[in-house]
Amino acid sequence: MKKTVKTDTSLKKLKSDIASSALRQIYVLHGEEDYLRRHYLSKMKQALIAPGFEAFNYISYDVSELTPDKLIDAVETLPAMSDRKMVVITDFDVSKPPAAYQPAVERILGEPQDHCCLVFVYCTIEYKPDARTAAYKRLTAAAEIVEFAAQDATELRPWISRRFAEYGRSISHDTSDYLLFKCGHLMTRLSSEIDKLAAVSKHSEITRETIDLVVIPVIDAVIFDLTDAVSERKPGKATAILRDLLEMREQPTSILAAICRQLRQVYSARLAYEEGRDERLIMDLWALRSSYPAARLIKTARRLTLEWCRNSVILCARCDLALKSTGSDSQRELEILLAELCDETKSA
């Protein structure tokens, strides 16, 4: 089980650097939370570049436009009528540079320029450094590496409230958690859904009913509904949800992976319930960012036996094998899985 570990120390350091106007020479910005990444990149630019001097002291290149000579020239050329300049390079993997770039990267990392704030931004590629390499050691010695991970509910609730307040709307603590469950924790998606909810809500306070009416749920939220249908012995409802997912172009393998993960979570929740533990254990075990899904897992697990939970994981493994078999009908195999799970539930 892979747990998400939040690494916010570097983000706190970046905030401090911006506030004190003491930005370092080199940064690497990466992570799934692109809303925050764009926000702090803009803050860095505001802290470094005086209004009216952007054309002289702010340089940006996408990897498709970059050459080794352009990279060296951008970093080493002095700023115009200012102490510092800012250079932003997007989607260049500085942790594993192509052979043609290695001399330029070694030079830049080995001799950081005081007059330049060089920022490598990972947008469409993933930052996957190899800690064994010399390039990684040079990079970590020279650069501040900042990860923008998805935020916890504790961090997002105040932001959600402020966004709704801009529209003259309010939202309760519990309803914020429900919105996070439906939308996920990425702020770009949340911002879009908040705009829609504020526009259509007939009341000053946002309700769950409005969220259900307006928000397009993430697949994890839909899978909760599907597994609830199974645990409530409603095979027709479970199959209808599955077919909706397939019509939305979700890949059968992705759907099965989500079902398998959900049922493993239900299994762990049943074990926790047997031991008298609460949702806090489930949150820690699965690195959940909100108590809402953990509480819902416990509620589902109470309806099921420990034996059913074990068997459900086995049935998922068999379905996974069937899906990977040549000539297998993916939709049929998934529907068989749901029928078997519902049949198991009747005997649970």
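**A walk from one buried aspartate through helices and sheet**

Let's start at Asp177, which sits in helix α8, the stretch covering residues 173-183. Keep in mind as you look around that this is a predicted model. Is Asp177 buried or exposed? With a relative accessibility of 4%, Asp177 counts as buried, because the cut-off for buried is under 20%. So what does Asp177 touch, once you set aside its neighbours within four places in sequence? Its contacts are Ala153 and Arg157, plus the run of Ser290, Ser291 and Tyr292.

Those last contacts take us towards helix α15, which spans residues 291-302. Just ahead of it is the loop between α14 (279-286) and α15, and that is where you'll find Ala287. Have a look at its backbone: Ala287 isn't a glycine, yet its phi is positive, at about 55°. Ala287 is also buried, with a relative accessible area of 19%, and that value falls on the buried side because the limit is under 20%.

Now for the partner of α15. Two packed helices are described by the angle between their axes and the distance between the axes. Helix α11 (residues 219-231) and α15 have axes that come within 11 Å and cross at roughly 15°. That angle makes α11 roughly parallel to α15, since angles under 35 degrees count that way. The crossing of the pair is left-handed. On the α11 side, the contact is made by Phe224, Asp225, Asp228 and Ser231, while α15 brings Pro293, Arg296, Leu297 and Thr300. Sorted by character, the residues of this α11 and α15 contact come out as three nonpolar, two polar and three charged.

Step past the end of α11 and you meet another backbone oddity. Arg233 lies in the loop between α11 and α12 (235-247), and although it is not a glycine, Arg233 has a positive phi of about 60°. How accessible is Arg233? Its relative accessible area is 44%, so Arg233 is partly exposed.

Back towards the start of the chain, there is a second helix pair. Helix α1 (residues 9-19) packs with helix α2 (residues 34-48) at an angle of about 25°, and their axes are 10 Å apart. The two are therefore roughly parallel to each other, and α1 passes α2 in a left-handed crossing. From α1, the contact uses Leu11, Leu14, Lys15 and Ile18; from α2, it uses Tyr40, Lys43, Met44 and Ala47. What kinds of residues are these? The α1 and α2 contact has six nonpolar residues, no polar ones and two charged.

That leaves the sheet. Strands of a sheet pair through backbone hydrogen bonds, either parallel or antiparallel. Here, five strands form an open sheet in the order β2-β3-β4-β1-β5, with parallel pairing. Which strands sit at the edges? They are β2 (58-62) and β5 (144-147), each of which pairs on one side only. On average, neighbouring strands of this sheet are turned by 15° against each other, direction ignored.

If you want to trace one pairing by eye, try β1 (residues 26-30) and β5: these strands run parallel and are joined by four bridges. A handy landmark is Val28, whose bridge partner in β5 is Ile145. Finally, find helix α4 (residues 68-76), which lies across β2, β3 (85-90) and β4 (116-121) and runs at about 155° to β3.

Definitions and conventions:
Residues are numbered from 1 along each chain as its sequence is written. This is a predicted model: local features need pLDDT of at least 70, side-chain atom pairs count only at pLDDT 80 or more; totals for chains, interfaces and linings use all residues. Side-chain values use heavy atoms; hydrogens and water are left out. Axes are lines fitted to C-alpha atoms, for helices over the stretch in contact, and angles run from 0 to 180 degrees between N-to-C directions. Angles under 35 degrees count as roughly parallel, over 145 as roughly antiparallel, 65 to 115 as roughly perpendicular and the rest as oblique. A crossing is left-handed if the near helix is turned anticlockwise from the far one by less than a right angle, and right-handed if clockwise. Contact means heavy atoms within 4.5 Å. Ala, Val, Leu, Ile, Met, Phe, Trp, Tyr, Cys and Pro count as nonpolar, Asp, Glu, Lys and Arg as charged, and the others, Gly among them, as polar. Buried means under 20% relative accessible area, exposed over 50%, partly exposed in between (1.4 Å probe, protein chains only). Two strands pair if DSSP finds at least two bridges between them.
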